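Good morning, everyone, and thank you for making room for this on the agenda. I would like to walk you through one structure, beginning with its ligand and ending at the surface.

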Amino acid sequence: MSTGQSTSQFGELQAFFRGDYVPLKDANVNIMTHALHYGTGVFEGIRGNWNDEAGVVNIFRLREHYERLLRGCRLLMLDIPYTADQLCDITVELVERNGHRQDIYIRPLAYKSAEMVANLKLQDLESDFTLITIPFGNYLGSDTLRCCTSSWRRVDDPMIPARLKISGIYVNSILAKTEATLAGFDEAIILNHDGHVCEGSGENLFLVVDGKMITPALEDNVLPGITRDTVIQLAQSELGLEVVERTVDRSELYLADEVLLTGTAAHITPVVELDNRPIADGKTGPISAQLQKMYFDIVVGRNPKYLHWCTPASPRPVVV
Ligand code: PMP
């Protein structure tokens with residue numbers, strides 16, 4: 001997607017802010033806000049996919065995203081007054097109010113909203129929840145990826161737990177992504193503290209070797225991705241593949257038959273080159289292609305078997 005988003009770009013959109021639906025341009029915080037200084041927030045990245053035949057935006061695995069957000073809230077002592085079901089309802093309401101008739105990105109954020117900077121005690125700080133929805137297209141900018149191994153390492157659980165989407169952790173991802181793109185690559189592959197394969201800057205990683213799928217274990221400091229879980233389920237139940245979650249050596253990537261990255265923003269995207277070496281023949285592999293096709297049908301709501309993963313939101317007619 002393009003860089004440089006600003007509120008002015010999004011005209012009449014509304015946000016959910018301080019318990020109410022308000023114009024996005026008015027949803028502003030004070031510069032004393034704790035989360036702005038210390039990254040004391042947890043967020044989600046959720047996609048809504050426009051289904052033209054049904055005239056709805058299908059929000060993919062909405063509840064699972066909020067369950068992950070609420071787990072992060074527990075860790076960061078973010079006391080927000082909403083259950084997962086209420087957060088889902090607030091989201092559908094905002095998407096409908098914003099009248100989107102295209103693919104969208106949904107960004108909830110629970111954060112330490114206290115206007116208090118010289119205080120590092122989570123228990124002293126009040127929290128809030130906010131939500132925005134914006135039009136969103138291709139995130140990675142390419143259908144196949146040229147990646148490099150990052151010189152940055154993934155944070156380890158006793159430093160900041162990578163299994164939660166904590167705002168401050170994303171400096172780690174941002175350093176890796178910036179390094180990779182400035183060097184001319186599409187995405188970074190990040191190793192963990194002990195040199196094993198972890199994930200992309202905003203994606204989980206899978207390898208295909210001899211018809212078997214392998215993905216780094218959660219204990220190796222990967223985010224428990226919702227797309228990762230989706231791919232595991234589809235590979236097992238639809239393609240009949242064995243999926244192994246285990247520690248992965250860096251050298252295994254260069255020798256794999258296929259490597260793919262998965263994420264809400266990134267969808268399922270094949271890595272065709274790593275550190276200037278082609279992966280296999282340097283083209284999208286057959287398992288990646290099958291998973292991609294299945295996934296796109298499911299997220300748009302075209303596969304009845306997986307409609308339970310889609311929460312529909314109907315754009316409201318614009319009142320003039
Ligand atoms: N890893 C990281 C570091 C991420 O930021 C993301 C995006 N949320 C993912 C993996 C993929 O997670 P999901 O499939 O839930 O979007």
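What follows is a short tour of the ligand site and then of one surface patch.

Please keep in mind throughout that this is a predicted model. Let me start with the ligand, which is surrounded by 16 residues, the closest of them being Lys165, Tyr170, Ile226, Thr227 and Thr264. If we sort that shell by class, we find 3 nonpolar, 8 polar and 5 charged residues.

Which side chains come up when we look at the polar atoms? On Thr227, a polar side-chain atom lies 2.5 Å from an oxygen atom of the ligand, and for Thr264 the distance between an N or O atom of the side chain and a ligand oxygen atom is 2.6 Å. Glu199 has a side-chain N or O atom 2.8 Å from a nitrogen atom of the ligand. How much of the ligand's accessible area does the protein cover? On its own the ligand has 380 Å² of accessible area, and the protein covers 94% of that. As for where the shell comes from, the elements that give two or more residues to it are α5, residues 226-237, and β14, residues 258-263.

Let me now turn to the surface, where Ile31, Met32 and Leu36 make a nonpolar patch of about 330 Å². Of these residues, Met32 sits in the loop between β2 (20-23) and α1 (34-38). Met32 counts as partly exposed, because its relative accessible area is 38%, and that class lies between the buried cut-off of 20% and the exposed cut-off of 50%.

Conventions
Residues numbered from 1 in each chain as written. Predicted model: local features only at pLDDT ≥ 70, side-chain atom pairs only at ≥ 80, totals over all residues. Heavy atoms only, no water. Near = heavy atom within 4 Å. Polar contact = N/O pair within 3.5 Å; in protein donor to acceptor, adjacent residues only side chain to side chain. Areas by Shrake-Rupley, 256 points an atom, 1.4 Å probe, with all protein chains shown as cover. Helix = DSSP H or I, 4+ residues; strand = E, 2+ residues; numbered from the N terminus. Nonpolar A, V, L, I, M, F, W, Y, C, P; charged D, E, K, R; others polar. Patch = residues over 30% accessible without salt bridge, like charges linked within 9 Å, V, L, I, M, F, W, Y side chains within 5 Å. Salt bridge = Lys/Arg side-chain N within 4 Å of Asp/Glu carboxyl O. Buried < 20%, exposed > 50% of the residue type's maximum accessible area, 1.4 Å probe, protein only.
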